[in-house]
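Here is a briefing for a reader new to this structure. Take a look at the model first, then work through the topics below.

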Amino acid sequence: MDLAAAERAAGQFLRALGISTASESLRGTPGRMARAYAELFSPRPFDLTTFPNDEGYDELVLARRIPLRSVCEHHLLPFTGTAHVGYLPGGRILGLSKLARVVEHFACRPQVQERLTKQVADWLHTHLQPRGVGVVIEAEHTYMTLRGVQATGSSTMTSTLLGLLRTDARTRGEFLALTGATP
């Protein structure tokens, strides 16, 4: 990451839009912009912590309302919301904080919500090998609410269901009801 180059480019971007950075209050804006986007695009590293499922726990594990923030790859404007991430354990269980870490990992890059939802589910399915995975994300996209259509208060929901959370109607229904995604 080249913050100095990003700062120069942010200054050029603002000037190209007719915004002078000569005043005291705007002089540091290009640097703040560069640092802000660098932070948005930098996930914290984490190790996947799993434990043997010695008790044979076979019910749904669900972390609800995980806060998320990302940046739309088409407009570079933020979208924010919550993720609900669940799984049906197989031979191993996951350290619960890792569900939020996986969401953060994939959200920290220019992104679309549909891909983000699928990436979280696929990653858990591949690395944990559970009997099922479900991810529901609800987010507000500022490119829809602040500009263009200006649909203030609108949100977008996406879901990815794998394994038994996709194929077993009762399990799917339980997951969706617990996330609040069903009427």
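The structure holds 2 aromatic pairs. One of them joins tyrosine 37 and phenylalanine 41. Keep in mind throughout that this is a predicted model. The notes below cover the aromatic pair, the largest pocket, the strands, one helix and a few single residues.

**An aromatic pair**

- Tyrosine 37 and phenylalanine 41 form a tilted pair. Their ring centres are 5.7 Å apart, and the planes meet at 50°.
- The angle explains the label: planes under 30 degrees apart would count as stacked and over 60 as edge-to-face, so the rest are tilted.
- Tyrosine 37 is partly exposed, with a relative accessible area of 29%.
- Phenylalanine 41 is also partly exposed, at 27% relative accessibility. Partly exposed is the class between buried, under 20%, and exposed, over 50%.

**The largest pocket**

- The largest pocket has a volume of about 370 Å³.
- Two elements give two or more residues each to its lining: α1, residues 3-16, and α2, residues 29-40.
- The biggest share comes from α1, which gives 5 residues.
- In total, 14 residues line the largest pocket. Nearest its centre lie Ala10, Phe13, Met33, Tyr37 and Leu76.
- Which classes of residue make up the lining of the largest pocket? There are 13 nonpolar residues, 1 polar residue and no charged ones.
- Tyr37 therefore has two roles in this briefing: it lies among the residues nearest the pocket centre, and it is a member of the tilted pair.

**Strands and their partners**

- Strand β2 spans residues 61-72, and strand β3 spans residues 78-88. The two pair in the antiparallel sense over 9 bridges.
- Two bridge partners show how β2 and β3 line up. Serine 70 is matched with phenylalanine 79 in β3. Alanine 63 is matched with valine 85 in β3.
- The hairpin of β2 and β3 has 5 residues between the strands. Leucine 76 takes a positive phi there, near 55°. Leu76 is also among the residues nearest the centre of the largest pocket.
- Strand β3 also pairs with strand β6, residues 132-141. These two run antiparallel and are joined by 10 bridges.
- Threonine 80 has glutamate 140 as its bridge partner in β6.
- Does β2 run parallel or antiparallel to β5? The two run parallel, joined by 2 bridges.
- Cysteine 72 stands opposite glutamine 111 in β5.

**Helix α3**

- Helix α3 covers residues 97-107. Its buried residues are Lys98, Leu99, Val102, Val103, Phe106 and Ala107.
- Which elements do the buried residues of α3 pack against? They pack against β2, β3, β4 (92-94), β5 (110-111) and α4 (113-128).

**Threonine 21, a buried loop residue**

- Threonine 21 lies in the loop between α1 and α2.
- Is threonine 21 buried or exposed? With a relative accessible area of 15%, threonine 21 is buried. The cut-off for buried is under 20%.
- Leaving aside neighbours within four places in sequence, threonine 21 is in contact with Leu14, Arg15, Leu26, Arg27 and Pro30.

**Proline 43, a partly exposed loop residue**

- Proline 43 lies in the loop between α2 and β1, residues 50-52.
- Its relative accessibility is 29%, so proline 43 counts as partly exposed.
- Not counting residues up to four places away in sequence, proline 43 touches Glu104, His105 and Cys108.
- How many residues apart in sequence are proline 43 and aspartate 58? They are 15 residues apart in sequence, and 31 Å apart in space from C-alpha to C-alpha.

**Positive phi outside glycine**

- Arginine 65 has a phi near 55°, a positive value in a residue other than glycine.
- Arginine 65 is found in strand β2. At a relative accessible area of 53%, arginine 65 is exposed.
- Glutamine 150 is not a glycine either, yet its phi is positive, about 50°.
- Where does glutamine 150 sit? Its place is in the loop between α5 (142-145) and β7 (156-163).

Key
Residues numbered from 1 in each chain as written. Predicted model: local features only at pLDDT ≥ 70, side-chain atom pairs only at ≥ 80, totals over all residues. Heavy atoms only, no water. 1 Å grid on protein atoms, 1.4 Å probe; cavity = no way out; pocket = protein on both sides within 12 Å on 5 of 7 lines; lining within 4 Å. Points joined across faces, edges and corners; volume = space filled by probe spheres on them. Helix = DSSP H or I, 4+ residues; strand = E, 2+ residues; numbered from the N terminus. Nonpolar A, V, L, I, M, F, W, Y, C, P; charged D, E, K, R; others polar. Phe/Tyr/Trp six-rings, centres within 6.5 Å; stacked < 30°, edge-to-face > 60°. Buried < 20%, exposed > 50% of the residue type's maximum accessible area, 1.4 Å probe, protein only. Pairing = 2+ DSSP bridges. Contact = heavy atoms within 4.5 Å.
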